[in-house]
Amino acid sequence: METEITLEQALDLIGKQTAKIQEIEEKEIQKAGGHVLAENIYASLDNPPFPRSPVDGYAVNAADLRGASKENPAELKVAGCIYAGDDGQSYKAEKGEAYRIMTGAPFPGGTDTAVKQEDTDYGEETVHIYKEQKPYDNYCFQGEDYKKGTLLLKEGTFLTFVEQGILSGIGRTYVKVYKKPSVRIFTTGDELCMPGMSLAPGKIYDSNGMMTAARLRELGIEPLSVSHAGDDEKELARILEKASEDTDIILTTGGVSVGKKDILHGALKRLGAEKIFWRIRLQPGMPTIFSVYKKTLILSLSGNPFGAMANLELLSRPMLGILMGTDRFSMEKRTGILKDVFPKKSKVRRFVRANYKEGMVTLPEGIFSSGAIGTLRGCNCLLDIPAGKEPLKAGEEVTVWML
């Protein structure tokens with residue numbers, strides 16, 4: 001029987017078998033979110049591309065406002081009105097003239113500041129201005145956000161709505177990104193019944209397929225497929241071989257322990273996969289298997305729903321991060337004060353569903369069995385309990401991994 005290893009040893013072994021995906025594809029900007037940038041992005045223009053007003057008011061020359069006050073306002077002729085989208089170069093203010101100007105509109109020639117309309121009498125043909133201003137007060141300079149040729153986004157940047165906005169703001173419609181990992185999910189076990197079917201005696205509905213796929217989608221990875229396989233070792237080997245043809249990661253749940261129907265061991269052997277490890281010294285999900293077939297990584301999780309979900313977080317997220325070349329999937333660790341009692345002694349390292357808020361860690365009400373999923377509701381972290389720890393008392397400082 002293979003030796004149990006620690007979580008850290010398991011992560012190290014996964015890291016040694018996993019490499020960043022180098023395949024590059026072009027994506028529309030609107031569909032590029034959640035990808036990693038595969039090129040450096042330089043500004044193709046100044047932003048803003050012209051001097052513009054940050055306020056609604058009047059564009060003037062500051063020299064025309066010397067000595068202006070509420071009691072002694074400067075009186076200027078209103079030469080016109082400029083809106084956002086107008087061509088500022090077609091306007092020029094002469095001495096003693098002002099232009100009505102809207103937020104985002106370009107400054108006309110001959111002006112160097114914008115007076116807020118609330119500091120005026122809102123004049124249409126002439127305007128009275130009640131304060132002095134310095135040149136370039138209320139003035140957005142051309143290129144003050146960034147200059148043409150500036151490196152805006154480095155290769156390797158994870159794209160969010162912010163980066164998509166930046167790309168759109170320089171006129172890009174497509175961008176080069178690294179391909180996301182392809183994933184297929186298989187739940188195993190003759191006891192499973194697919195949702196929508198009649199539940200026969202002795203059967204249970206499959207929740208692992210849905211939860212695993214839904215969680216991957218939340219992390220930004222759309223599975224290629226979610227399927228079920230029965231307890232047929234030879235057929236499962238065939239299914240895994242077929243799935244490996246176009247898949248970076250295969251995730252399976254169930255069949256990983258030592259029972260007569262725990263067929264993953266035999267199926268992986270028939271497949272010719274290299275078993276990297278089996279059994280991690282933690283609860284839940286101890287009998288997890290990690291293997292490699294050709295270039296496909298196969299992570300076989302416990303059939304117990306919480307055991308599967310806990311190790312999906314702990315093991316697959318680092319794997320995804322390496323494949324995509326980003327730390328975006330890393331789980332943040334925090335310390336907090338436990339508000340509740342955890343009554344069990346932990347012979348091995350144990351991960352418990354919990355909720356972290358403002359430094360306090362609370363446990364859900366209900367059972368903590370690895371087969372129970374109801375108590376996962378409302379949880380946003382995994383409480384990390386060291387091996388050999390006695391039951392936890394309220395008020396203890398604890399470590400959690402944020403989901």
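The largest pocket holds about 400 Å³ of space. This value, like the others below, was computed from a predicted model. The lining of the largest pocket consists of 24 residues. Those nearest the pocket's centre are Glu191, Gly254, Gly255, Gly303 and Asn304. Sorted by class, the lining has 12 polar residues, seven nonpolar residues and five charged residues.

The second largest pocket holds about 320 Å³ of space. It is lined by 18 residues, and Ile21, Thr247, Asp248, Lys295 and Leu323 are the closest to its centre. Here the lining divides into seven charged, seven polar and four nonpolar residues.

The next topic is the strands and the sheets they form. One open sheet is made of six strands, and reading across it gives the order 14-11-15-19-18-16. The pairing in this sheet is mixed. Strand 14, residues 225-229, is one edge strand, and strand 16, residues 274-278, is the other. Each of these two pairs on one side only. From one strand to the next, the twist averages 20°.

Within this sheet, strand 11 covers residues 183-188 and strand 15 covers residues 249-253. The two run parallel and are joined by five bridges. To find a point where they meet, look at Ile185, whose bridge partner in strand 15 is Leu251.

Which helices pack against these strands? Helix 1, residues 7-17, packs on the sheet. It touches strand 16, strand 18 (289-293) and strand 19 (296-301). The direction of helix 1 makes about 160° with that of strand 16. Helix 5, residues 264-271, lies across strand 11, strand 15, strand 16, strand 18 and strand 19. Helix 5 runs at about 15° to strand 18.

A salt bridge also involves strand 11. The structure holds 21 salt bridges, and one of them is formed by Arg184 and Asp246. The closest N and O atoms of this pair are 2.6 Å apart. Why does this pair tie together separate parts of the chain? Arg184 lies in strand 11, whereas Asp246 lies in the loop between helix 4 (233-243) and strand 15, so the pair links parts that are 62 residues apart in sequence.

A second open sheet has five strands in the order 7-4-6-5-8, again with mixed pairing. Strand 7 (113-116) and strand 8 (126-129) stand at its edges. Each has a single partner strand, so one side of each is left without a neighbour in the sheet. Neighbouring strands of this sheet are turned by 40° against each other on average, direction ignored.

The partnership at the strand 8 edge can be followed residue by residue. Strand 5, residues 74-82, pairs with strand 8 in the antiparallel sense over four bridges. Leu76 has Val127 as its bridge partner in strand 8.

Further along the chain, strand 24, residues 397-402, takes part in two pairings. With strand 20, residues 333-338, the pairing is antiparallel and has five bridges. Gly336 has its bridge partner in strand 24 at Val398. Strand 23, residues 381-385, also pairs with strand 24 in the antiparallel sense, over four bridges. For Asp384, the bridge partner in strand 24 is Thr399.

Terms used
Residues are numbered from 1 along each chain as its sequence is written. This is a predicted model: local features need pLDDT of at least 70, side-chain atom pairs count only at pLDDT 80 or more; totals for chains, interfaces and linings use all residues. Side-chain values use heavy atoms; hydrogens and water are left out. On a 1 Å grid over the protein atoms alone, a cavity is a set of points where a 1.4 Å probe fits but cannot get out, and a pocket is an open set with protein on both sides within 12 Å along at least five of seven lines; lining residues have an atom within 4 Å of a point. Grid points are joined across faces, edges and corners, and a volume is the space filled by probe spheres set on the points. Ala, Val, Leu, Ile, Met, Phe, Trp, Tyr, Cys and Pro count as nonpolar, Asp, Glu, Lys and Arg as charged, and the others, Gly among them, as polar. Two strands pair if DSSP finds at least two bridges between them. Axes are lines fitted to C-alpha atoms, for helices over the stretch in contact, and angles run from 0 to 180 degrees between N-to-C directions. Contact means heavy atoms within 4.5 Å. A salt bridge is a side-chain nitrogen of Lys or Arg within 4 Å of a carboxyl oxygen of Asp or Glu.
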